[in-house]
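Trainee: Please take one part of this model and examine it closely. I should like the cut-offs stated along the way.

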Amino acid sequence: LSVPYMVPEHMALKFLEQKIEWIKQHRKEPVFIGDGAHIGKSHRLVIESSDVNAVKTRLSPNTVTVKIPFNADWKDSEVQSAVRKAAEKALKKEAETLLAQRLNTLSDLHGISYKSCKVKKLKSRWGSCDSRKNIVFNIYLIQLDWKLIDYVILHELTHTVHQHHQPEFWSYLENILPDYKSRRKELKQMPTDILPTSF
């Protein structure tokens, strides 16, 4: 809880007590990423108990391997932090290759040019495009269904033509992606975070 400097601690605690039900309803349950989870388009997570003193991670073309000490629990915060970092490396690697390829394909298909493409870990956005036509995609985007990925790519390509969200922007996007509204609605339900799924 953040409060102004002059607010006494007892008042802050009283406020928290009054909001306890709201907090319980809106608190996010922790997401644990377990052995066998599907990471991105082609990676599988393997968590192994091993004769190691600390958590070790290794990334291969199709596997994210995390070795943990025999006495460690895979749900421990230290293990989950290492799993998350390794998973994000895998997502970044996949995104750099696959999103760039798909961007090129859709750019050529619709005759829309761009200057550059990068992938980054973004907190709340799926992508962005600046006035110089440099496009950035969120590493978490690669986890989504291709129809949603295509929506984000075409959305950012449209920004190379219209640097705003005025009616002209949406009209241009609808011309190249007639069902963009349903894809946009579906995308809004997706969190910008790791989405582990089972194989």
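**Cysteines, core and helices**

Mentor: C129 counts as buried, at 13% relative accessibility; buried means under 20% relative accessible area, exposed over 50%, and partly exposed in between, with a 1.4 Å probe and protein chains only. The model is predicted, so local features need pLDDT of at least 70 and side-chain atom pairs count only at pLDDT 80 or more, whereas totals for chains, interfaces and linings use all residues. Residues are numbered from 1 along each chain as its sequence is written, and side-chain values use heavy atoms, with hydrogens and water left out.

The closest cysteine sulfur to that of C129 is in C117, 11 Å away and therefore too far for a bond. C117 itself is partly exposed, with 27% relative accessibility. A disulfide is a pair of cysteine sulfur atoms within 2.5 Å, and a search of the whole structure finds zero.

The part to examine closely is α4 (146-159). Helices (H or I, at least four residues) and strands (E, at least two) are DSSP runs, numbered from the N terminus. α4 has 14 residues and spans 20 Å from its first C-alpha to its last, close to the expected 20 Å at 1.5 Å a residue; the expected span is 1.5 Å times one less than the number of residues. At its start, a side-chain oxygen of D145 comes within 3.0 Å of the backbone nitrogen of K147.

Twelve of the 14 residues of α4 are buried, which leaves the helix mostly covered. Among them are charged and polar names such as D150, H155 and E156, alongside L148, I149 and V152. The buried residues of α4 pack against α3, β6 (127-129), β7, α5 and α6, contact meaning heavy atoms within 4.5 Å. L173 touches Y151, L154, H155, T158 and Y180, leaving aside residues up to four places away in sequence.

L173 also ranks, with L45 and F137, among the residues with the most contacts inside the largest nonpolar core, which has 44 residues. Such a core is a set of buried Ala, Val, Leu, Ile, Met, Phe, Trp, Tyr and Cys residues joined through side-chain atoms within 4.5 Å. α4 is one of the elements that each supply at least two residues of it, while α3 gives the largest share, ten residues.

α3 has 34 residues and reaches 46 Å between its first and last C-alpha, close to the 50 Å expected at 1.5 Å a residue. It bends by about 30 degrees at A95, the bend being the angle between axes fitted to the seven residues ending there and the seven starting there.

Notes: Polar contact = N/O pair within 3.5 Å; in protein donor to acceptor, adjacent residues only side chain to side chain.
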